[in-house]
Amino acid sequence: MNESASLGFGLPRSDPRDDQQIDAEIDDELTFHIDQATRELVEAGQSDDDAKVNALARFGDVNKIKAQCKRIALEERIMLQRINLVLMIVVLLGVAFVSVQMYVTQRHNTLALQAIVADLADMKVAAAQADRDGKVTIVGAVSRPGIYPIPKTGDYTLADVLVDAGPSDRAFEVKLFRRVNGERTLFAQETISMLHEMDRLKEQIVDGDRVVVAPVLNYQPAQSTSHMGFVYVDGSILRPGAYALQAGGNMTVSMLIKGAGGLKQSPVHVQVTRLDKAGNFQTIVDSLINDVSDLNQSDVLLQPDDHVIVTTVDGEIADMKVPAKGSSRGFIYLDGDVQRPGVYALPQVARLTLSRLVVSAGGSDTAAFHLRVIRTVDRKPDKVFDRLVDDLGDLAEDDFDLEPNDLVVVAATKDLPTNSDE
Amino acid sequence: MARNKPPELLPGTLDLMILKTLAVGPNHGYGIARRIKQTSGDVLHVEEGSLYPALHRLAKRGCLDSEWRSSESNRRAKYYRLTRKGRTKLKAQTRNWSQLTTAIDKVLSARTAEKAATKGWA
């Protein structure tokens with residue numbers, strides 16, 4: 001048995017025996033020696049015990065010798081373990097070094113990329129600036145205050161700046177400051193209560209102008225000398241709502257529709273309802289038009305509390321909105337077989353019940369009729385009332401208050417479908 | 001028991017004695033110890049246990065081969081045998097030893113002659 005072979009390259013080969021085998025062989029070898037020595041001493045006349053003691057004394061420290069022999073048997077394995085440990089440490093250090101290098105490189109690349117992106121953004125801004133002629137600053141009650149470039153070509157008015165910055169839909173005061181002879185002076189000042197009045201802001205903007213927009217708080221149109229009241233526009237137009245009627249101004253239906261952003265689509269049905277002296281709403285305009293210019297004779301002068309309602313041809317009333325201010329809380333829409341269908345204002349304080357509305361509208365053409373009230377709750381239309389009425393007196397028990405935007409439909413009994421859903 | 005302390009072995013001499021003993025033929029550790037004791041005329045008393053680390057180290061270096069077989073007392077014993085490498089090493093070490101002892105002898109005898117000369121002059 002050759003325990004001493006070694007590998008090439010100067011690397012020793014470790015002992016193929018396992019620990020237990022090595023221990024057992026060393027034990028056997030040393031025990032044989034001590035037993036032989038004991039026997040020799042017994043043969044020389046010593047007692048068994050003396051012989052054993054003396055043999056052990058001659059041999060020396062058994063455990064120490066066993067340990068020395070074992071260390072010699074395992075010295076390659078111990079060496080290889082040390083080499084492994086060193087290699088592992090070297091590999092770990094290598095991995096750590098590479099990781100650090102990668103992190104540093106990655107970080108460097110990220111920063112470089114960010115710098116490039118920032119440079120590109122700066123270049124874009126610079127390129128945009130090259131097409132512009134100066135800047136104007138707008139601050140205050142606008143959606144997007146900030147510094148706006150002035151286009152090199154074309155008009156750029158105070159109104160344009162306000163539109164770019166997103167004007168408030170409430171009344172506001174706008175002040176234009178300009179540097180004149182090195183001093184900042186108030187160049188223009190206007191109070192705008194309705195957006196279409198922004199057409200008045202025709203001042204051309206020059207480099208260095210500063211626009212300050214202040215909201216007009218507690219704006220009270222009724223006390224304002226410049227307004228004589230409000231008209232309401234609803235339906236298929238860009239900016240439905242309440243619009244101020246200028247004192248002394250002559251606002252027509254077409255001017256109101258244009259001021260409210262114009263028609264959303266065409267053709268449309270334009271209705272104008274007006275409260276008469278008896279307290280009833282009268283329909284004074286009822287036209288199908290493709291454009292506001294088609295109104296012709298129907299382009300009447302508006303009076304306070306007139307209600308202009310624009311509907312698509314299929315009768316859908318889009319973007320209905322309760323006016324924010326005015327003499328009414330909102331409107332009820334009445335349609336069908338009644339004397340005066342149309343839009344009815346809900347009084348600010350008094351109640352308007354279903355029966356009162358039907359009576360105000362002149363009642364039904366027929367004695368018995370089907371009455372349906374559709375109310376939109378959480379964007380879903382819901383039939384809150386739907387039944388056959390023989391006589392308006394029948395309603396007394398079931399009468400209820402109407403709410404803004406309720407749609408009341410009256411159908412003559414002759415048109416009634418079978419009420420399978422009742 | 002009054003007895004003179006046996007002389008201590010010089011470093012490296014145990015290997016030389018083991019190799020020389022095994023040059024006669026294979027033997028186990030106990031046999032090697034007994035033979036060294038006998039051939040040295042009971043002068044060299046090696047602590048017997050110290051023989052084994054030396055044997056294992058020589059085997060590891062390829063100077064010895066080992067093998068388990070039955071001893072003269074019919075017990076299993078580990079026998080060591082000189083390899084070619086061991087034989088070469090034995091020759092080299094024997095030569096070294098001879099040179100060393102000759103040189104030491106010369107030094108020792110020179111000192112004695114010097115002493116005699118000094119005495120003659122005086």
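## Salt bridge between the chains

At 36% relative accessibility, A:Asp28 is classed as partly exposed. In this predicted model, the side chain of A:Asp28 meets that of B:Arg76 in a salt bridge, with an N to O distance of 3.7 Å. The pair crosses between chains, running from strand S3 of chain B, which holds B:Arg76, to helix H1 of chain A, which holds A:Asp28. B:Arg76 has a relative accessible area of 49% and is likewise partly exposed, because the partly exposed class lies between 20% and 50%.

A further salt bridge joins B:Lys60 to A:Glu76, where the closest N and O atoms are 3.1 Å apart. The count between chain B and chain A is 4 salt bridges. Side chains of opposite charge can pair when their charged atoms come close.

## The interface of chain B and chain A

Chain B contributes 28 residues to the contact and chain A contributes 27 residues. About 2500 Å² of area is buried between the two chains, and carbon and sulfur atoms give 52% of it. Across this interface, 12 residue pairs are in polar contact, with both residues at pLDDT 80 or more.

On the side of chain B that touches chain A, the elements giving two or more residues are helix H2 (29–39), helix H3 (51–60), strand S2 (64–70) and strand S3 (76–82) of chain B. H3(B) gives the most, with 6 residues. By class, this side of chain B has 8 nonpolar, 9 polar and 11 charged residues.

## Salt bridges within chain A

Over all chains, the count comes to 22 salt bridges. One of them pairs A:Arg77 with A:Asp19, the closest N and O atoms being 3.2 Å apart. A:Arg77 belongs to helix H3 (residues 62–130) of chain A and A:Asp19 to helix H1 (residues 19–43) of chain A, so the salt bridge ties together parts that are 58 residues apart in sequence. Both partners are partly exposed: A:Arg77 at 24% relative accessibility and A:Asp19 with a relative accessible area of 35%.

The side chains of A:Arg200 and A:Glu190 also meet in a salt bridge, at 3.2 Å from N to O. This pair links distant parts of the chain, 10 residues apart: A:Arg200 is in the loop between strand S4 (183–192) and strand S5 (209–215) of chain A, whereas A:Glu190 is in strand S4 of chain A. A:Arg200 is partly exposed at 35% relative accessibility, and A:Glu190 is partly exposed at 23%. Elsewhere in chain A, salt bridges that share partners join A:Asp19, A:Asp23, A:Lys70 and A:Arg77 into one network.

Note on methods. Residues numbered from 1 in each chain as written. Chains lettered and ligands numbered in written order. Predicted model: local features only at pLDDT ≥ 70, side-chain atom pairs only at ≥ 80, totals over all residues. Heavy atoms only, no water. Contact = heavy atoms within 4.5 Å. Buried area = accessible area lost by both parts, 1.4 Å probe. Polar contact = N/O pair within 3.5 Å; in protein donor to acceptor, adjacent residues only side chain to side chain. Helix = DSSP H or I, 4+ residues; strand = E, 2+ residues; numbered from the N terminus. Nonpolar A, V, L, I, M, F, W, Y, C, P; charged D, E, K, R; others polar. Buried < 20%, exposed > 50% of the residue type's maximum accessible area, 1.4 Å probe, protein only.
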